[in-house]
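Trainee: Before we look at the model together, I would like to practise justifying the labels we attach to it. Could we go through them one at a time, setting each value against its cut-off?

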Amino acid sequence: MKIGVIKETRTGESRVATTPAIAKKLIGKGFTVQVETGAGEAAHFHNDEYLEAGVELVDRQTALSADLILSVRRPLMDDVEMMAEKNVYVSHLENCEDDGTLAKLLTKDITPIAMEHIPRISRAQSMDALSSQSNIAGYRAVVEAAARFRRFLPLMMTSAGSAKPARLVVLGVGVAGLQAIATARRLGADVYAYDVRPETREQVESLGAKWIEIDVGESGEGTGGYAKELSDEAKQRQQELLSDELAKAHVIVTTALIPCRPAPVLIPNEVVKRMREGSVIVDLAAGNGGNCQLTEADKVVEKHGVILVGHTNYPSMMSTDASNFYAQNLFNLVQIMVEEKEGQLVFNDFEEDEITQAAQVRQA
């Protein structure tokens, strides 16, 4: 069985779906691994490293003709045209706003496996790419904030005077939010956090952060560990109660997302106006409309003296480790997708395993 790995061509994407180390493991399992020439360069994995691992370096069309194609992002329409019929394509399919590629995949009888649909169950933890990449995003968001905030994050005492620790607020306490809290604490900031799911309070406090106590009159607990959308009344109450806390912050990191829905607006224009000049907002939801009303996707702008960071692909900014983690997620998934029968590697019935059953996309 052949595994094809293509070079990511979407703007700003520098990750790769397999690394030389993981490719070597796959070859050891009996796969022929074909990697598009130059696929790993942006993540600092070079062609000669893949060759040393036993990989075949090929052109894009050859990689797309493999039985199993591994990728980071949704395929381009031109890529789908080059794919062989009845193969399997695994990536983040980003199918909430499909541009027709998913329907084209299904028309060609290609089986799409969406990494974002891996269920949040114990057995699937090692395959959970959303968590591995969100963890990186949370870390990088705080590093980005620290680089743009023109003051210290920790308490600093010197012979020239002292600086108080920065007040840093994290909104949304999922995987990215928890990592943002942990990173900000390591950097010495005075950290506060809020989430619509009150059960996350214990996690926040276990990391040494302070919980922002507000009551919006309903719980935001959704399914699969995600938040659900609040009612309009609860959203209004949330904004009103949060506004004073947010106006006092030096740095805000927002991570609040709802699957396949616009990001909830947690920081309206009026709050940004009240913040100190030089404050920083890092909006991890920028690609879904933003948790801040003034965020601009893929831009860093200054509004009312506040710096708003709207990057939309933080894992790609740390592409070496992000690729290492993602490649391991895929390796673990492939092991339950394929088995050996009579000396040949064959696909299992994806309907028979709860993980592949949940991840397989059957309609556009």
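Trainee: What makes the contact between the side chains of Asp-99 and Arg-74 a salt bridge?

Mentor: Bear in mind that this is a predicted model. The N to O distance between the side chains of Asp-99 and Arg-74 is 3.8 Å, and the definition asks for a Lys or Arg side-chain nitrogen within 4 Å of a carboxyl oxygen of Asp or Glu, so the pair qualifies. Asp-99 lies in the loop between β5 and α5, whereas Arg-74 lies in the loop between β4 (68-70) and α4 (77-82), so the salt bridge ties together parts that are 25 residues apart in sequence.

Trainee: Why is Arg-74 called buried, and why is Asp-99 called partly exposed?

Mentor: Arg-74 has a relative accessibility of 13%, and because buried means under 20%, Arg-74 counts as buried. Asp-99 has a relative accessible area of 46%, which lies between the 20% and 50% limits, so Asp-99 is partly exposed.

Trainee: How do you know that Lys-104 and Glu-81 meet in a salt bridge?

Mentor: The side chains of Lys-104 and Glu-81 have an N to O distance of 3.6 Å, and the limit is 4 Å, so the name applies here too. This pair links distant parts of the chain, with Lys-104 in helix α5 and Glu-81 in helix α4, 23 residues apart. Lys-104 is partly exposed at 27% relative accessible area, and Glu-81 is partly exposed at 47%.

Trainee: Which parts of the chain does the pair of Glu-351 and Arg-362 tie together, and what is the N to O distance?

Mentor: The side chains of Glu-351 and Arg-362 meet in a salt bridge with an N to O distance of 2.8 Å. Glu-351 lies in the loop between β17 (344-347) and α13 (354-359) and Arg-362 in the segment after α13, so the pair ties together parts that are 11 residues apart in sequence. Glu-351, with a relative accessible area of 37%, is partly exposed, and Arg-362, at 43%, counts as partly exposed.

Trainee: How many salt bridges does a search of the whole structure find, and which residues are linked in a network?

Mentor: The search of the whole structure finds 23 salt bridges, and Glu-13, Arg-15, Arg-73 and Glu-94 are linked in a network of them.

Trainee: What makes the link between Cys-96 and Cys-260 a disulfide?

Mentor: The S to S distance between Cys-96 and Cys-260 is 1.8 Å, and the definition requires two cysteine sulfur atoms within 2.5 Å, so the link is a disulfide. A search of the whole structure finds 1 disulfide. With -65° about the S-S bond, the link of Cys-96 and Cys-260 is left-handed. Cys-96 lies in the loop between β5 and α5 and Cys-260 in the loop between β12 (251-254) and α10 (269-274), so the disulfide ties together parts that are 164 residues apart in sequence.

Trainee: Why is Cys-260 called exposed?

Mentor: Cys-260 has a relative accessible area of 54%, and exposed means over 50%, so Cys-260 meets the cut-off. Cys-96, at 45% relative accessibility, counts as partly exposed.

Trainee: How do you know that strands β5 and β6 pair?

Mentor: Strand β5 (residues 88-91) and β6 share 4 bridges in the parallel sense, and at least two are needed, so they count as paired. Val-90 stands opposite Ile-113 in β6, and β5, helix α5 (residues 101-107) and β6 make a right-handed β-α-β unit.

Notes:
Residues numbered from 1 in each chain as written. Predicted model: local features only at pLDDT ≥ 70, side-chain atom pairs only at ≥ 80, totals over all residues. Heavy atoms only, no water. Right-handed = clockwise from strand over helix to strand, strands pointing away. Buried < 20%, exposed > 50% of the residue type's maximum accessible area, 1.4 Å probe, protein only.
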